[in-house]
Amino acid sequence: MAITTERRDGAAHEPVARRRMYIDGAWADAAKGGTFEDSDPFTGETVAVVPAGTREDARRAIDAAHGALHAWWKTPPSEKRRLLLKAADILERRQQEIVKILAAETGATFGWAMFQSGFTPGLLREAAGQVSSVTGEILPADLPGAFFMATRQPAGVVAGIAPWNAPLILSLRAVALPLAYGNTVVLKPSAETPVAGGLLYAEIFDEAGFPKGVFNVITNAPGHSAEIGDEFIENPKVRRVSFTGSTEAGRAIAEKAGRHLKRVALELSGYNPLIVLRDADVDYAVNAACFGTFLHQGQICMSARNLIVERPIADTFVTKLVAKTKTLGVGDPRIPTTVIGPLINKQQLNKVRDSVEDAVKKGAKVLVGGNVEGPCFQPTLLTDVKNDMRIDHEECFGPVAIVTVVDSPGEAVRVANDTRYGLSAGIITRNFDQALDMAERLETGMVHINDQPVHDEPQAPFGGVKDSGFGRMGGRAALEEFTELRWITVQREPRQFPF
Ligand code: NAD
């Protein structure tokens, strides 16, 4: 079907791709036939027309995944490994095309898109390396003649819910290791990124030759996520929900999941400190702070939000960071020199602007930036932030950080921990003993010494504490999340029963 759309300037636009969901190894429209437009955050143009799936579609996808479960569980590890490695190769082969999709669908700059597309084949290869890790142990038994085993097996159907900000990585994170452990998966990407966060993977897993039903993708129109989430939680065939997104949505899911006694893994929002101690190499600290704050225009759960600097170097650090921030290119993510692309949509842009305005109205000082620039927000640093300002305690998902000056490492830890979130942290210092001591006291899931908070590798136990969620989705830690540990016994000689 040819679909024409209008550009913001009113000119006719090329017909856009009509996409379909992927259920039971086949391309599918929504059961009710609805569609929605997936748009480019910089140009406003329609990138794709996508099925507006509903609960009925989610149920179909769950049935397909459930039907495929036993055969996939029993598929030899060597075959699972072959398929995962093949998918990795396809992903790598399509890298340049994927970089364009990420720019069009999410406003990702070249660097951010290359990072995601470089990371994800490694995630599939890490999963391929773990296909033989679903093992158990033999336990000693008190009972005479008894043989005890602790066995591990797939949890069952895993439902993955992913956000838009790093769709290539975060959707795959909900899928790759669960598949390696023998689970089958239904993935629901964000309505902002149905292609890069879902349908693209359907193409890749289809081409790799995964059996039908093992991997399914359903898409939904904006504002209709909760009904799909409800099906994931209420349908007894789903045994795990893997959620990455905001604390607000994660809390709603966890509350419902509690009622249904369904296990969830939650990777949620962050308010991440970057601590710069007085002995730091200031130029290195400035580069780290700039990268950690402004990569993907601050739309990363791990972005540095609070730059906590020891007083003796604060002035030099701030002067140099402001100067560097002024050099960052703002605008079209397709231009290679752009560092700050658009925010994902108008609501998000307004939210960031309101948060900065609220702080300024209440007395915060703008060191640099502070304004909207088309669909972008200027890279911004604020100081003199007080706790009656929203930005002091709410995650501002944009290119904005606050600067806080402290007098000691102990005060830095106290300031860093003064938040309901606990995802990631960075400490820049040459004193590793002190940094390790501080790392132990920081209330976050992850701490990076001599680095900034934005960091991930496929083998790492990624995850947060406090309102940043619970569960670990990477490396060997994912085995705990997405398998069941069971106790199986064999009574090899008759027991003596007391009656
Ligand atoms: P979001 O919570 O709005 O949406 C995330 C996903 O959940 C989307 O697929 C959305 O459609 C779905 N969703 C929303 N409400 C739902 C509901 N009630 N039931 C079921 N599904 C629901 O988050 P977002 O705006 O897409 O992403 C940005 C947020 O995600 C930020 O707060 C960021 O910090 C966080 N995040 C966390 C991590 C992490 O690993 N900790 C990674 C990336 C993003």
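In the predicted model, the shell around the ligand comprises 15 nonpolar, 9 polar and 4 charged residues. The shell counts 28 residues in total, and those that come nearest to the ligand are Ala162, Ser225, Ser246, Leu268 and Glu395. Both assigned domains take part: at least three residues of the shell are drawn from domain 1 (21-268 + 468-486) and at least three from domain 2 (272-449).

Polar contacts to the ligand involve both side-chain and backbone atoms of the protein. On the side-chain part, a polar atom of Lys188 is placed 2.9 Å from an oxygen atom of the ligand. On the backbone part, an N or O atom of Gly245 lies at 3.3 Å from a ligand oxygen atom. A nitrogen atom of the ligand is in turn found 2.7 Å from a polar backbone atom of Leu268, a residue that also belongs to the group coming nearest to the ligand. The ligand taken alone exposes 840 Å², of which 87% is buried by the protein.

With respect to location, the ligand occupies the largest pocket. Two or more residues of the surrounding shell are supplied by each of helix 5 (167-173), helix 8 (225-234), strand 11 (238-244) and helix 9 (247-259). Among these elements, helix 8 makes the greatest contribution, giving 3 residues to the shell.

Technical notes:
Residues numbered from 1 in each chain as written. Predicted model: local features only at pLDDT ≥ 70, side-chain atom pairs only at ≥ 80, totals over all residues. Heavy atoms only, no water. Near = heavy atom within 4 Å. Polar contact = N/O pair within 3.5 Å; in protein donor to acceptor, adjacent residues only side chain to side chain. Areas by Shrake-Rupley, 256 points an atom, 1.4 Å probe, with all protein chains shown as cover. 1 Å grid on protein atoms, 1.4 Å probe; cavity = no way out; pocket = protein on both sides within 12 Å on 5 of 7 lines; lining within 4 Å. Sits in = over half its atoms within 2 Å of the grid points. Helix = DSSP H or I, 4+ residues; strand = E, 2+ residues; numbered from the N terminus. Nonpolar A, V, L, I, M, F, W, Y, C, P; charged D, E, K, R; others polar. Domains from an automatic or database assignment.
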